[in-house]
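Subject: The structure I promised you

Hi,

Here is the structure we talked about, with the sequence alongside. Open it in your viewer and keep it beside this email while you read.

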Amino acid sequence: MSRPAERLSAAQARRIALAAQGFGRPRPAEPTRRHLLQTIDRLGVVQIDSVNVVSRTHYLPFFSRLGAYPREALETLAWGRKPALFEYWAHEASLLPLAVQPLLRWRMADAAEGVGIWKGVARFLREHPALLEKALAEIEARGPLSASELEVGAKGPGGWWGWSEAKRAAECLFWSGRLTTATRRGTFERVYGLPEKVLPAAVHGAPTPDRDAAQRELIRIAARALGVATERDLRDYFRMGPAETRARIAELAEAGGLAPVEVRGWDQPAWIDPQARRPRKVAGAALLSPFDNLIWFRERTERLFGVRVRLEIYTPAEKRTHGYYVLPFLEDEAITARVDLKADRKAGVLRVLAAHDEPHATAETPSRLAGELALMARWLGLSGVAVAPTGALAPALADAVSREASAA
């Protein structure tokens with residue numbers, strides 16, 4: 001007999017979700033490697049993106065939760081001599097704790113076999129065996145290499161989709177698990193290495209769990225990171241299929257790893273991590289990357305916060321509502337503003353190209369946002385914040401930024 005679903009208010013669900021994502025806790029005075037590891041263990045996965053208008057996105061979730069941590073500490077964790085993280089296609093291109101690597105080997109096998117979205121990868125692997133073996137042999141002999149350093153195949157026409165054969169070979173071998181990221185260089189160029197030489201022996205040599213067990217653990221990680229979630233929320237976290245997500249949720253629920261809940265105002269059944277924190281309030285302020293785990297699934301963001309967040313990078317400038325690289329501002333338990341930011345490294349200024357308030361904005365929103373912008377500027381090595389007169393919040397924010405600078 002199935003257990004009755006607990007009932008939660010929308011506010012309770014939002015607080016549970018925020019706490020699960022690491023918000024509402026005091027930031028450490030001096031964030032360390034330990035804090036970074038605790039954060040990514042809590043999140044389970046952090047998305048990578050190459051856009052560097054403010055900062056590449058994988059740096060930002062740690063800043064949102066920890067404040068001004070040393071960026072080089074994350075680089076060492078991800079791409080140092082003894083990495084604690086690895087790269088793979090999890091949510092999108094992602095950084096993940098090393099312990100997750102065996103849990104994604106079924107996806108690597110899918111890529112090699114052409115299951116689902118991986119048909120093009122498998123076709124390339126099947127049609128270019130000599131090229132692939134030459135690439136692997138070259139990395140074996142010379143050590144980790146970027147695609148541009150591989151002396152194999154024909155050159156491409158350039159551009160994002162104009163990959164050379166070497167790049168296609170390296171990426172297909174990466175997706176199928178025969179190569180991994182050894183480090184990143186220069187303008188964020190991936191350097192490929194053999195997993196047995198890059199990953200710790202305990203990780204590379206770990207047994208491969210069967211597909212169902214691995215997927216159950218991924219859903220459990222997602223549930224812990226989300227706190228309370230619908231089936232679609234859980235599926236999106238590691239981009240799993242509908243049928244397998246539904247099956248793994250049922251198995252976890254049967255074993256007591258998930259509990260059913262009904263959230264007032266949600267039109268779908270939901271699940272809660274039985275160990276989820278249930279704070280009575282969540283306090284704090286944070287600027288959120290548009291790719292932050294808290295808001296990356298736009299349907300969930302609107303359900304939690306009543307705010308529609310859309311990525312407008314690929315929207316023509318004249319059709320944008322809020323700007324190019326827009327960071328929502330989380331104030332306690334609400335998204336109260338959005339700012340279109342640009343790190344003007346030449347001028348040494350963090351530019352607010354537009355500032356928009358949201359219905360939940362308060363009289364304190366400009367000053368609290370100004371404080372976070374000042375903190376971000378210092379973290380990025382910039383000397384200050386400049387606010388352009390665009391957006392309804394811009395005048396009040398400019399005044400608050402001026403007061404913040406005077407008080408510093």
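What covers the buried residues of helix H4? Before I get to that, please keep in mind that this is a predicted model.

**Helix H4 and what lies over it**

H4 spans residues 71–79, and its buried residues are Ala73, Leu74, Leu77, Ala78 and Trp79. The cover over them includes two helices, H2 (33–43) and H3 (60–66), along with the strands S3, S4 and S6. Try colouring those elements one by one. Several of them come back below.

**Strand S4 and its partners**

Let's take S4 next, which runs over residues 93–97. How many of its five residues are buried? The count is five of five, so to speak a strand that is mostly covered. The cover is found on both of its faces: Ala93, Leu95 and Pro97 are buried on one side, and Ser94 and Leu96 are buried on the other. That split follows a general pattern, since side chains in a regular strand alternate between the two faces of the sheet.

S4 also has pairing partners. Strand S3 (residues 85–89) pairs with S4 in the antiparallel sense, over five bridges. Within that pair, Leu85 stands opposite Pro97. S3 and S4 make a hairpin, with three residues between them. Strand S2 (residues 46–47) is joined to S4 by two bridges, and these strands run antiparallel too. Here Gln47 has Ser94 as its bridge partner.

**A buried histidine**

Now find His58, in the loop between S2 and H3. Is His58 buried or exposed? His58 is buried, because its relative accessible area is 0%, and the cut-off for buried is under 20%. Which residues does His58 touch, leaving aside its neighbours within four places in sequence? They are Val46, Gln47, Ile48, Asp49, Leu74, Trp79, Leu95 and Phe188. You have already met some of these: Leu74 and Trp79 are among the buried residues of H4, and Leu95 is one of the buried residues of S4. You can also try a distance in your viewer: the C-alpha atoms of His58 and Phe329 are separated by 17 Å, although the two residues are 271 apart along the chain.

**The sheet of three strands**

Three strands form an open sheet in the order S5-S7-S6, with antiparallel pairing. Strands S5 (145–146) and S6 (180–185) stand at the edges with a single partner strand each, so one side of each has no neighbour in the sheet. S6 pairs with strand S7 (residues 189–193) over five bridges in the antiparallel sense, and Thr181 stands opposite Tyr192 in S7. Helix H8 (residues 165–175) lies across S6 and S7, and runs at about 65° to S7.

**The sheet of four strands**

There is also an open sheet of four strands, in the order S1-S9-S10-S8, and its pairing is mixed. Why do strands S1 (6–8) and S8 (228–230) each have one side without a neighbour in the sheet? They stand at the edges, each with a single partner strand, so nothing in the sheet flanks the other side. On average, neighbouring strands here are turned by 40° against each other, direction ignored. S1 pairs with strand S9 (residues 259–263) in the parallel sense, over three bridges, and Arg7 has Glu262 in S9 as its bridge partner. Helix H1 (residues 10–20) packs on this sheet, where it touches S1, S8, S9 and strand S10 (270–272). The direction of H1 makes about 90° with that of S1.

**Cavities**

Last, the enclosed spaces. How many cavities of 30 Å³ or more are there? The count is three.

The largest cavity has a volume of about 90 Å³. Its lining is made of Pro290, Arg298, Val309, Arg310, Leu311, Glu312, Gly323, Tyr324, Tyr325, Val326, Pro328 and Arg338. By class, that gives seven nonpolar, one polar and four charged residues.

The second largest cavity holds about 60 Å³ of space. Among the residues that line it are Phe86, Glu87, Tyr88, Met108, Phe174 and Leu199. Which element gives the most to this lining? S3 does, with three residues. The classes here are seven nonpolar, three polar and one charged.

Have a look around and write back with anything you get stuck on.

Cheers

How values were computed
Residues are numbered from 1 along each chain as its sequence is written. This is a predicted model: local features need pLDDT of at least 70, side-chain atom pairs count only at pLDDT 80 or more; totals for chains, interfaces and linings use all residues. Side-chain values use heavy atoms; hydrogens and water are left out. Two strands pair if DSSP finds at least two bridges between them. Contact means heavy atoms within 4.5 Å. Axes are lines fitted to C-alpha atoms, for helices over the stretch in contact, and angles run from 0 to 180 degrees between N-to-C directions. Buried means under 20% relative accessible area, exposed over 50%, partly exposed in between (1.4 Å probe, protein chains only). On a 1 Å grid over the protein atoms alone, a cavity is a set of points where a 1.4 Å probe fits but cannot get out, and a pocket is an open set with protein on both sides within 12 Å along at least five of seven lines; lining residues have an atom within 4 Å of a point. Grid points are joined across faces, edges and corners, and a volume is the space filled by probe spheres set on the points. Ala, Val, Leu, Ile, Met, Phe, Trp, Tyr, Cys and Pro count as nonpolar, Asp, Glu, Lys and Arg as charged, and the others, Gly among them, as polar.
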